[in-house]
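This report describes the surroundings of a bound ligand for a reader who has not met the structure before. Please look at the sequence and the model first, and then follow the account below.

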Amino acid sequence: MPDIEDTLALASRLAREAGAVQRERYETELRIGTKSAPVDLVTEVDRRCEELIAGALSQERPADAILAEEGTSRSGRGSGWLWVIDPLDGTVNYAHGYPRFCVSIGAEHEGIRTVGVVYDPLLDELYHAVRGAGAFRNGAPIRVSRESDLARGLFATGFAYDVHHSADDNLDAFGRFVKSARAVRRDGSAALDLCYVASGRLDGYWERKLHAWDVSAGALIVEEAGGRVTDLRGGPLPADGSRIVASNGLVHDAMLALLSPR
Ligand code: IPD
Ligand code: CA
Ligand code: CA
């Protein structure tokens, strides 16, 4: 069986290779299509990055399962490993030339998030974590912030692609955080938001209606950096990643209270 170190090395190499493609094509003319809604974009770079990562995994880890955003879905042949891939997290940013996007690769073993790698190709920042072994940025250990007062905290969130039509749009919670915290960002990459919680740049982050590929790597990185990750009510993070609250732990209960006011 491939060991965890091999898995981390492979995930890191593939994240850097896909990131190099993103860097090369950044601010060039792109073919852009839409998916679930006119605001839900996909570019040729999303697809190319997914082909690169999934193609390499087929060669190097043929017995592993894959779940990736742009449609690659393969059941494994008994290895117990599942690769959960967002080939380009922050597609709207990428399509507009806004410099906040990344590659996110999680590797889960027997259903447990075991390895996570997130790579920001413009800042050349590679975040990684292995369960039980800490979280790192470019090889240096990272920790969540020490802020315990939500009023002094910096937070981030995001809005799902159905925001124009759905009543479940996160705007109420967004308003409550804007009125209570120091500031709130909406920067357009869930995986980087999680890594920023892990490295103390943010104190907390929440979002609804995400997918497993948005959070598989980042949730592990937050936990391994000493943070807390739950659903919106303080229960375990759902396997499909659809409801997430991530924080330094110290402001977590205050976040949950703002998300579910009495
Ligand atoms: C999106 C980003 C964004 C979040 C959306 C995600 P994509 O992923 O992570 O920050 O608010 O909910 O769908 O589509 O750019 O991979
Ligand atoms: Ca995503
Ligand atoms: Ca994506």
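In this predicted model, the shell around ligand 1 is made up, by class, of 5 nonpolar, 5 polar and 6 charged residues. Of the 16 residues around the ligand, those that come nearest are D89, G90, T91, Y161 and E207.

Where in the chain do the residues of the shell around ligand 1 come from? Domain 1 (4-141) and domain 2 (150-259) each supply at least three residues to this shell, and strand β5, which spans residues 81-89, gives the most to the shell, with 3 residues.

Backbone atoms of the protein also lie at short listed distances from oxygen atoms of ligand 1, as the table sets out for T91, G188 and A190.

| Residue | Backbone atom | Partner | Distance |
|---|---|---|---|
| T91 | N or O | oxygen atom of ligand 1 | 2.8 Å |
| G188 | N or O | oxygen atom of ligand 1 | 3.1 Å |
| A190 | polar backbone atom | oxygen atom of ligand 1 | 2.9 Å |

Ligand 1, taken alone, exposes 380 Å², and the protein buries 95% of that area. The space that ligand 1 takes up is the largest pocket, and the shell around the ligand draws on both domain 1 and domain 2.

Definitions and conventions: Residues are numbered from 1 along each chain as its sequence is written. Chains are lettered from A and ligands numbered from 1 in the order in which they are written. This is a predicted model: local features need pLDDT of at least 70, side-chain atom pairs count only at pLDDT 80 or more; totals for chains, interfaces and linings use all residues. Side-chain values use heavy atoms; hydrogens and water are left out. A residue is near a molecule or strand if one of its heavy atoms lies within 4 Å of it. A polar contact is a pair of N or O atoms within 3.5 Å; within protein, one must be able to donate a hydrogen and the other to accept it, and residues adjacent in sequence count only if both atoms are side-chain atoms. Accessible areas come from the Shrake-Rupley method with a 1.4 Å probe; for residues, only the protein chains shown count as cover. On a 1 Å grid over the protein atoms alone, a cavity is a set of points where a 1.4 Å probe fits but cannot get out, and a pocket is an open set with protein on both sides within 12 Å along at least five of seven lines; lining residues have an atom within 4 Å of a point. A molecule sits in a cavity or pocket if more than half of its atoms lie within 2 Å of its grid points. Helices (H or I, at least four residues) and strands (E, at least two) are DSSP runs, numbered from the N terminus. Ala, Val, Leu, Ile, Met, Phe, Trp, Tyr, Cys and Pro count as nonpolar, Asp, Glu, Lys and Arg as charged, and the others, Gly among them, as polar. Domain bounds come from an automatic or database domain assignment.
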